[in-house]
Amino acid sequence: MENTESQKPYKLASREYKKENTIVEIPNNRGQVIRVGGSRIVTIAGPCAVESREQMLEVAAAVAASGAVMLRGGAYKPRTSPYSFQGLGEEGLKYLKEAGDKYGLPVVTEIVDSSLIPIMEKYVDVYQIGARNMQNFELLKKVGMLGKPVILKRGLSATIEDFLMAAEYLLASGTEKVILCERGIRTFEKATRNTLDLSAIPVLRGLTHLPIIVDPSHAVGIRDKIPPMGLASVAGGADGIIVEVHCHPEKALSDGPQALYPQQFDKLMHDIEALAPVLGKSIAHIRLQPLALSK
Ligand code: PEP
Ligand code: MN
């Protein structure tokens with residue numbers, strides 16, 4: 001572009017480069033396409049970490065019944081302590097995928113190193129780049145080259161410009177399917193795990209065409225404080241939310257204190273459903289039956 005309007009260091013991610021909102025399309029195994037960035041609010045739910053087959057089947061049933069359209073769960077966990085549970089690896093990917101497929105939910109899981117791509121490729125619908133890896137540029141380049149949908153989480157101390165530059169790496173290396181995720185930033189405040197930067201939603205909306213979701217779980221870190229912030233994220237214009245849910249959080253191997261009970265998640269979904277029309281939106285749903293059977 002030759003005019004002076006774009007002084008920004010990122011290009012492909014900018015609103016100047018593309019005026020209309022990007023909608024990231026994610027197909028499920030029922031002939032349905034989940035659209036992130038349109039007029040339907042999407043909810044991604046599931047545990048922090050995949051712990052067992054039973055855990056995943058139980059939680060997938062619960063979140064699907066409440067209206068989640070994608071299933072999350074980490075198989076490779078970037079833990080602050082090397083002595084904490086590190087994830088089940090490929091075994092975990094299998095449980096995640098089996099549970100997602102059973103309910104028509106595409107799966108979201110974090111990739112911590114590009115050497116894992118050959119293992120992960122066959123199971124993953126949406127790659128998540130975690131906050132700690134937001135500026136791992138070699139990882140961004142390799143994951144971008146796959147052309148698959150990516151949820152990019154905002155780094156712990158990343159400015160909005162840093163965040164968009166990280167998105168630019170993904171876009172420049174070959175994927176157009178980038179979803180930004182605000183997940184709280186480090187501040188002096190100790191009362192919550194991080195500080196949810198809600199204003200990032202309208203600010204990003206002005207700067208970029210990419211869809212924006214919010215993770216109130218890692219932002220707040222305290223179970224009972226998460227639903228109001230999920231609701232506030234939707235009210236603030238987020239295209240969706242990603243929330244940690246666990247059927248037995250007291251036994252969770254990671255992030256138990258911030259995992260919603262299924263009933264709390266269900267209530268949150270009802271509240272979002274009630275709020276959506278005020279925003280001119282509705283909630284995305286998964287078909288109960290595969291497309292061929294429902295005709
Ligand atoms: C997660 O989603 O489980 C996670 C580790 O998130 P973040 O990278 O935002 O801390
Ligand atoms: Mn977590």
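Pro47, Cys48, Ala49, Glu51, Glu244, Val245, His246, Ala252, Ser254, Asp255 and Ala259 line the largest cavity. The model is a predicted one, and a search through the whole of the structure turns up 1 cavity of 30 Å³ or more. The volume of the largest cavity comes to about 30 Å³. Sorted by class, its lining residues are 6 nonpolar, 2 polar and 3 charged. As background, rolling a probe the size of a water molecule over the atoms shows where empty space is left.

Some of these names come back at the metal site. The manganese ion (ligand 2) has four protein donors, namely Cys48 (SG), His218 (NE2), Glu244 (OE) and Asp255 (OD), and they lie 2.0 to 2.4 Å from the ion. Along the sequence, the spacing of these donor residues reads C-x169-H-x25-E-x10-D. Take two of the donors: His218 sits in helix H7 (residues 216-220) and Glu244 in strand S10 (residues 240-244), so this pair ties together parts that are 26 residues apart in sequence. His218 and Glu244 are both buried. Cys48, Glu244 and Asp255 also appear in the lining of the largest cavity.

Next come the pockets. The largest pocket holds about 330 Å³ of space. Its lining is made up of 23 residues, and the closest to the pocket's centre are Pro78, Arg132, Arg193, His218 and Asp255. Two of these names, His218 and Asp255, are already familiar as donors of the manganese ion. By class, the lining of the largest pocket splits into 4 nonpolar, 8 polar and 11 charged residues.

The second largest pocket has a volume of about 220 Å³. Among the residues that line this pocket are Leu12, Tyr17, Lys18 and Thr22, along with Leu171, Glu176, Lys177 and His209. Ile23, Val24 and Glu25 belong to the lining as well. Here the division by class is 5 nonpolar, 2 polar and 4 charged.

Strand S10, the home of Glu244, also leads to strand S3. In strand S3 (residues 40-46), 6 of the 7 residues are buried, so the strand is largely enclosed by the rest of the structure. S3 pairs with S10 in the parallel sense, over 5 bridges. Within that pairing, Ala45 stands opposite Val243 in S10. S3 is also paired in the parallel sense with strand S4 (residues 70-72), this time over 2 bridges, and Ala45 stands opposite Leu71 in S4. Strand S11 (residues 282-283) is another parallel partner of S3, again with 2 bridges. There, Ile41 has Ile283 of S11 as its bridge partner.

Finally, the aromatic rings. The count comes to 1 aromatic pair. The ring centres of Phe137 and Tyr169 are 4.5 Å apart and the ring planes are at 25 degrees, so the pair is stacked. The two residues come from distant parts of the chain: Phe137 is in helix H4 (residues 137-144) and Tyr169 in helix H5 (residues 160-172), 32 residues apart. How buried or exposed are the partners? Phe137 has a relative accessible area of 30%, so it is partly exposed. Tyr169, with a relative accessibility of 31%, counts as partly exposed too.

Technical notes. Residues numbered from 1 in each chain as written. Chains lettered and ligands numbered in written order. Predicted model: local features only at pLDDT ≥ 70, side-chain atom pairs only at ≥ 80, totals over all residues. Heavy atoms only, no water. Phe/Tyr/Trp six-rings, centres within 6.5 Å; stacked < 30°, edge-to-face > 60°. Helix = DSSP H or I, 4+ residues; strand = E, 2+ residues; numbered from the N terminus. Buried < 20%, exposed > 50% of the residue type's maximum accessible area, 1.4 Å probe, protein only. 1 Å grid on protein atoms, 1.4 Å probe; cavity = no way out; pocket = protein on both sides within 12 Å on 5 of 7 lines; lining within 4 Å. Points joined across faces, edges and corners; volume = space filled by probe spheres on them. Nonpolar A, V, L, I, M, F, W, Y, C, P; charged D, E, K, R; others polar. Donors = N, O, S within 2.8 Å, 3.2 Å for Na, K, Ca; no water. Pairing = 2+ DSSP bridges.
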